[in-house]
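The following note sets out, in numbered points, some features of the structure for a colleague who has not met it before. Please read it alongside the sequence and the model.

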Number of protein chains: 2
Amino acid sequence: MTDCQAEGPGNMTPVELYEKLSAQGDKIRVLKAEKADKSDIDAAVQLLLNLKVDYKTVTGQDYKAGCLPDDGTPTQDNGPSVGDGEDTVDPWNVSTSSAKGVDYDKLIVRFGSSKIDQELVDRIERVTGQKPHRFLRRGIFFSHRDMHQVLDAYENNKSFYLYTGRGPSSEAMHVGHLIPFIFTKWLQDVFDIPLVIQLTDDEKYLWKDLSLEECHRFAVENAKDIIACGFDISKTFIFSDLEYMGMSPGFYRNVVKVQKHVTFNQVKGIFGFTDSDCIGKISFPAAQAAPSFSTSFPQIFNGRKDVQCLIPCAIDQDPYFRMTRDVAPRIGYAKPALLHSTFFPALQGAQTKMSASDPNSSIFLTDTPKQIKNKINKHAFSGGKDTIEEHRKHGGNTDVDVSFMYLTFFLEDDEKLEKIRQDYSSGDLLTGELKKCLIETLQPMITAHQERRKQVTEETVQLFMTPRRLDFNY
Amino acid sequence: MTDCQAEGPGNMTPVELYEKLSAQGDKIRVLKAEKADKSDIDAAVQLLLNLKVDYKTVTGQDYKAGCLPDDGTPTQDNGPSVGDGEDTVDPWNVSTSSAKGVDYDKLIVRFGSSKIDQELVDRIERVTGQKPHRFLRRGIFFSHRDMHQVLDAYENNKSFYLYTGRGPSSEAMHVGHLIPFIFTKWLQDVFDIPLVIQLTDDEKYLWKDLSLEECHRFAVENAKDIIACGFDISKTFIFSDLEYMGMSPGFYRNVVKVQKHVTFNQVKGIFGFTDSDCIGKISFPAAQAAPSFSTSFPQIFNGRKDVQCLIPCAIDQDPYFRMTRDVAPRIGYAKPALLHSTFFPALQGAQTKMSASDPNSSIFLTDTPKQIKNKINKHAFSGGKDTIEEHRKHGGNTDVDVSFMYLTFFLEDDEKLEKIRQDYSSGDLLTGELKKCLIETLQPMITAHQERRKQVTEETVQLFMTPRRLDFNY
């Protein structure tokens with residue numbers, strides 16, 4: 001099954017999807033009755049699950065055998081977090097009971113995306129002529145939608161653009177917040193393409209007890225940390241929704257287009273909104289969808305509507321873009337492609353996402369070398385054994401050790417990382433020594449970030465945030 | 001009971017409103033048990049009805065004695081058209097079974113607004129030093145909210161601004177569409193104040209099967225007819241939502257502010273939206289609310305947020321502004337004041353609003369003198385008797401005669417209008433003669449409008465629609 005077949009409910013009506021689901025259910029029953037190969041049954045079940053996700057996206061309802069889609073009338077809905085086992089993943093909640101973190105393979109099946117396999121990583125290397133980023137080599141970006149299609153077009157000299165973003169809920173950003181930006185900068189460099197970065201200050205105003213002014217100030221402060229990641233000013237446009245909506249002839253039009261083609265039933269199904277949510281939350285997904293279309297940036301793309309968009313983001317943002325991909329063909333636009341990352345674990349363990357409001361849950365971009373050292377030594381969940389003797393004998397568990405996980409994100413040297421894994425697992429490397437490796441990796445990285453951020457003047461921020469042509473010909 | 005007490009649920013919680021309603025119900029029972037004066041009971045019942053409207057506005061639910069407000073959970077709702085007797089009045093439906101049209105006195109009670117009485121008309125005359133417009137003299141603008149407060153402030157040299165609008169659903173405008181504009185122009189002239197006119201092309205895109213481009217083109221075409229009403233270009237800003245949202249730093253911010261403070265439950269109660277409505281419709285009321293606040297027009301009001309807004313509109317638009325008035329104090333703004341007009345009857349009778357899609361339902365601004373004559377002679381519902389003999393003997397009924405109704409809108413001369421009323425009622429004036437009066441009133445009026453519209457160049461439209469300072473000091 002190719003990626004294109006794996007999803008794409010946009011062109012099917014609810015009834016067509018229902019019929020396809022019924023037929024697929026029948027097929028599985030036949031396969032089981034015939035005691036077919038397990039792999040055949042598994043493949044058929046995976047297609048069924050994908051269809052169920054599509055069905056929910058399109059109708060806002062769960063598929064029930066024998067019940068035709070109830071188009072338009074309210075349904076009982078238990079919210080958007082598809083509860084499969086114990087993991088919960090949506091834009092506002094990520095939780096799992098496993099110390100190893102979320103089961104990402106299951107998530108791929110549930111969300112109907114495709115795994116970034118070695119073949120795709122190799123292909124990116126071939127197409128760009130560059131060694132794949134460590135996030136690709138190590139499965140940190142693990143899932144995608146339509147990446148092969150983007151590469152096909154790129155090989156035929158049809159370029160694309162990048163879109164990523166951040167919800168500026170406070171001034172404080174931690175190292176986990178940098179993951180999409182570090183990776184997006186690499187993509188910008190190796191593909192040499194424009195990038196738009198959305199700061200959803202309107203979203204934070206709607207969801208949090210903050211004023212418009214505070215949210216906008218956080219957006220500008222966060223922009224400085226983002227700029228410090230090294231983006232090319234001639235190819236990067238950073239915008240705050242509150243500001244850009246009032247500056248662009250194209251953005252609001254696309255927001256309204258999306259809003260016309262998504263019902264409350266659908267956002268209820270996708271995001272779990274209820275009748276007591278404010279109408280701002282209910283309509284916001286359209287504002288996150290709109291930058292997926294090049295006409296939202298007429299100053300960059302010169303009015304062209306056929307430039308495809310590639311969105312690197314954490315997997316919890318996927319519901320926004322499943323919705324976007326569903327709407328795109330109905331308003332005459334190409335579906336955005338996606339690259340999904342895993343979550344960055346909290347220092348306390350991989351069960352939850354980090355919290356910007358708990359200073360001990362992660363390493364912040366403002367932490368001093370001493371704070372970094374103390375936090376890691378004191379709070380980083382260890383996969384080591386209780387005593388040195390036991391550790392030497394049985395070795396540590398890198399699957400649950402947060403210091404080791406952080407090293408997979410930030411230590412560039414593959415061989416060194418593998419040696420640490422082996423030595424820690426065998427017991428040769430003690431927990432304190434492992435933590436020291438991480439401290440020595442993060443301290444210079446954060447210090448360098450702070451140095452670069454200091455160089456970011458208000459004028460630089462203003463320039464990044466000014467709607468303008470970018471250095472690219474469309 | 002003053003106007004200020006008559007409404008204003010904005011500062012009361014659902015529970016406070018519930019308690020006030022319960023207490024008022026008890027009071028009425030006591031009054032009835034004590035066989036109090038009918039006028040006292042009527043006044044108490046009117047207050048109860050007003051409180052019920054407030055309660056529905058705030059909670060999105062109908063008040064039920066003994067049931068505390070169910071904050072936040074979905075309720076059964078039969079839509080927004082408060083069914084009292086047979087009249088239905090909301091932004092999308094106006095209907096009545098009475099040939100005299102909607103019962104406007106009942107509407108005032110239901111909506112919790114105040115009647116424009118002779119005292120208010122006299123006061124407007126005193127304050128402006130001008131003879132009141134015929135729409136005021138004849139009760140065509142019949143209801144208001146906070147107009148005394150606007151006049152109090154005006155007398156203390158505190159100015160205000162006007163806001164009205166139109167939904168551009170087609171190029172074709174009929175004479176009924178001119179009512180708010182004719183009256184607003186008079187208000188602009190006698191008070192010498194700025195005016196903003198909203199063209200909700202986004203609304204029409206969301207509600208109708210039209211493209212964004214069509215809706216925006218209709219907005220620009222309609223602007224020409226509006227400009228032809230004679231507005232002062234130095235004091236008037238006309239804007240299309242699709243255009244202005246992308247041009248103003250203030251508009252989107254106010255839209256988001258309103259969106260944060262209105263729940264789906266509330267718009268469900270006020271406008272009758274359902275779960276299968278698109279999220280664009282659900283959030284649109286905020287776009288119609290935002291121009292009620294002067295900060296939506298920083299270029300005009302120089303950032304001042306305390307300039308009050310007065311909205312002349314047909315009464316069917318009141319639900320938008322009840323919602324706006326409820327939100328205003330919660331986001332730190334003054335409530336807009338309102339002046340409500342009756343509906344302009346269709347040629348076929350006052351039971352319904354006219355339809356821009358039925359060319360015979362009204363006189364269009366593009367009709368030729370001959371078309372005007374034919375339409376009135378052929379389609380205008382007559383209050384005359386079946387034969388000349390019967391008519392001479394019993395006289396005609398001006399309460400249901402559409403030609404006479406149209407004359408109350410457009411014939412400026414009060415004495416002439418009164419003479420026509422008397423002569424038609426007595427049978428001295430025949431239906432053909434009455435229709436001739438109307439034809440001779442409308443033909444030159446429409447011809448003059450067409451002449452003025454021809455003078456409106458694209459450049460003039462562009463200037464009216466350019467965000468800019470107006471000729472007024474704030």
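1. Asp146(A) lies in the loop between β4 (141–145) and α7 (147–155) of chain A. In this predicted model, its phi is near 65 degrees, a positive value in a residue other than glycine. Most residues other than glycine have a negative phi. Asp146(A) is also buried, with a relative accessible area of 3%.

2. A second positive phi in a residue other than glycine belongs to Asn302(A), where the angle is near 60 degrees. This residue sits in the loop between α16 (298–301) and β8 (308–314) of chain A. Is Asn302(A) buried, partly exposed or exposed? With a relative accessibility of 47%, Asn302(A) counts as partly exposed, because that value falls between the cut-offs of 20% and 50%.

3. Strand β5 (residues 160–166) of chain A contains Thr164(A). Thr164(A) counts as buried, at 3% relative accessibility. Which residues is Thr164(A) in contact with, once neighbours within four places in sequence are left aside? They are Pro180(A), Phe181(A), Thr184(A), Leu195(A), Val196(A), Ile197(A), Gln198(A) and Pro312(A).

4. In chain B, helix α4 (residues 104–111) is largely enclosed by the rest of the structure, since six of its eight residues are buried. The buried residues are Tyr104(B), Leu107(B), Ile108(B), Val109(B), Arg110(B) and Phe111(B). Both ends of this helix deserve attention. At the N-terminal end, Asp103(B) acts as a cap, with a side-chain oxygen 3.2 Å from the backbone nitrogen of Asp105(B). Just after α4(B) comes Gly112(B), which takes a positive phi of about 75 degrees.

5. Helix α22 of chain B covers residues 431–455. What span should its 25 residues have? At 1.5 Å a residue, taken over one less than the number of residues, the expected span is 36 Å; the end C-alpha atoms are 36 Å apart, so the two agree.

6. Several residues of α22(B) are buried: Thr431(B), Leu434(B), Lys435(B), Leu438(B), Ile439(B), Thr441(B), Leu442(B), Ile446(B) and His449(B). The elements of chain B that cover them include α8 (175–191), α10 (212–227), α18 (369–379), α19 (388–394), α20 (402–410) and α21 (414–426).

7. The last points concern the interface. Chain A and chain B each bring 40 residues to their contact. Between them the chains bury about 3,400 Å², of which 62% is on carbon and sulfur atoms.

8. How many salt bridges does the rule find across the interface of chain A and chain B? There are two. In one salt bridge, the side chains of Lys268(A) and Asp275(B) meet at 2.5 Å, N to O. Polar contacts between chain A and chain B amount to 25 residue pairs, counting those with both residues at pLDDT 80 or more.

9. On the side of chain A that touches chain B, at least two residues each come from α9 (201–207), α10 (212–227), α11 (241–244), α12 (251–260), α13 (264–271) and α14 (279–283) of chain A. The most is given by α12(A), with six residues. Sorted by class, this side of chain A has 18 nonpolar, 11 polar and 11 charged residues.

Definitions and conventions:
Residues numbered from 1 in each chain as written. Chains lettered and ligands numbered in written order. Predicted model: local features only at pLDDT ≥ 70, side-chain atom pairs only at ≥ 80, totals over all residues. Heavy atoms only, no water. Contact = heavy atoms within 4.5 Å. Buried area = accessible area lost by both parts, 1.4 Å probe. Salt bridge = Lys/Arg side-chain N within 4 Å of Asp/Glu carboxyl O. Polar contact = N/O pair within 3.5 Å; in protein donor to acceptor, adjacent residues only side chain to side chain. Helix = DSSP H or I, 4+ residues; strand = E, 2+ residues; numbered from the N terminus. Nonpolar A, V, L, I, M, F, W, Y, C, P; charged D, E, K, R; others polar. Buried < 20%, exposed > 50% of the residue type's maximum accessible area, 1.4 Å probe, protein only.
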